[in-house]
Amino acid sequence: MKFFVDTADIAEIKDLASTGLLDGVTTNPSLVAKSGAKNFISLIESICEIVDGPVSAEVAATDYATMLKEGQRLAKIANNVAVKVPLTEDGLKVCKALSDDGTMVNVTLCFSPAQAILAAKAGATFISPFVGRLDDISMDGMQLISDIVQIYEQYPAITTEVLVASIRHPIHLVESAKMGAHVATIPPKVIRQLYQHPLTDKGLAAFVEDWAKTGQSILDAA
Ligand code: G3P
């Protein structure tokens with residue numbers, strides 16, 4: 001399973017990239033606003049220099065002609081840009097046009113299996129179903145992932161990858177992995193939560209204490 005980080009914060013991206021576990025980055029207009037970056041193009045340029053994998057950069061317009069121009073502009077930033085478009089009729093037209101030209105496209109704001117089928121037909125590189133936002137309205141976000149994975153598996157010709165978005169906690173990630181989703185885009189805080197277990201902390205503290213009793217040093221050993 002590929003791990004993308006869902007943030008536009010350069011410091012966070014650098015820190016997480018240094019773990020060697022990061023396969024890509026997703027941004028959206030809200031995350032860009034939160035980052036305080038004043039130049040979107042150079043922000044994406046900087047992220048693409050840090051991470052080799054796909055970096056999602058979202059269009060701002062909602063009409064076909066402007067979205068297409070914005071997408072073409074964003075695609076020029078670097079080879080690893082994935083243009084992010086909303087799951088609307090115009091958005092999918094842009095997805096088809098950009099995909100046909102060889103640009104990676106991430107179709108975002110997916111909330112139903114029917115929408116995911118359309119995105120695959122439009123040649124999306126990634127479909128982004130939002131699990132947390134469905135849970136927020138008392139719907140089952142993980143059921144959507146299960147449905148999309150199952151549908152895509154019926155058609156070997158579909159190359160669209162299921163990119164689980166709006167992940168709020170480690171269980172979303174674990175369940176997505178069990179279902180065989182290709183990618184998860186995870187907020188930095190949740191990535192750090194993945195490392196944690198109280199028994200790991202307790203066990204390590206005991207090993208450190210017991211090792212001290214041996215009076216030895218591995219590095220000073222003859
Ligand atoms: O990048 C899109 C998605 O991950 C947003 O998550 O938490 O704002 O629903 P959230």
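Here's a short chat about the cysteines and the ligand in this predicted model.

Me: How do you know that C95 and C110 aren't joined in a disulfide?

Reply: The sulfur of C95 is 12 Å from the closest cysteine sulfur, which sits in C110. A disulfide needs the two sulfurs within 2.5 Å, so this pair doesn't qualify. Searching the whole structure turns up 0 disulfides.

Me: What makes C95 count as buried or exposed?

Reply: Its relative accessible area is 0%. Buried means under 20%, so C95 gets called buried.

Me: And what about C110, buried or exposed?

Reply: C110 has a relative accessible area of 0%. That falls under the 20% cut-off, so C110 is buried.

Me: Okay, on to the ligand. Which residues are around it?

Reply: You'll find D6, N28, K84, F130, R133, A165, S166 and R168 there. That shell splits into 2 nonpolar, 2 polar and 4 charged residues.

Me: What makes the pairing of D6 with the ligand a polar contact?

Reply: A ligand oxygen lies 2.5 Å from an N or O atom in the D6 side chain. The limit is within 3.5 Å, so the pair counts.

Me: Why does K84 count as a polar contact too?

Reply: For the K84 side chain, the gap between an N or O atom and a ligand oxygen is 3.4 Å. That's still within 3.5 Å, so it passes. The side chain of S166 has an N or O atom 2.7 Å from a ligand oxygen.

Me: How much of the ligand does the protein bury?

Reply: Taken alone, the ligand exposes 310 Å², and the protein buries 82% of that. The space the ligand takes is the largest pocket.

Conventions:
Residues numbered from 1 in each chain as written. Predicted model: local features only at pLDDT ≥ 70, side-chain atom pairs only at ≥ 80, totals over all residues. Heavy atoms only, no water. Buried < 20%, exposed > 50% of the residue type's maximum accessible area, 1.4 Å probe, protein only. Near = heavy atom within 4 Å. Polar contact = N/O pair within 3.5 Å; in protein donor to acceptor, adjacent residues only side chain to side chain. Areas by Shrake-Rupley, 256 points an atom, 1.4 Å probe, with all protein chains shown as cover. 1 Å grid on protein atoms, 1.4 Å probe; cavity = no way out; pocket = protein on both sides within 12 Å on 5 of 7 lines; lining within 4 Å. Sits in = over half its atoms within 2 Å of the grid points. Nonpolar A, V, L, I, M, F, W, Y, C, P; charged D, E, K, R; others polar.
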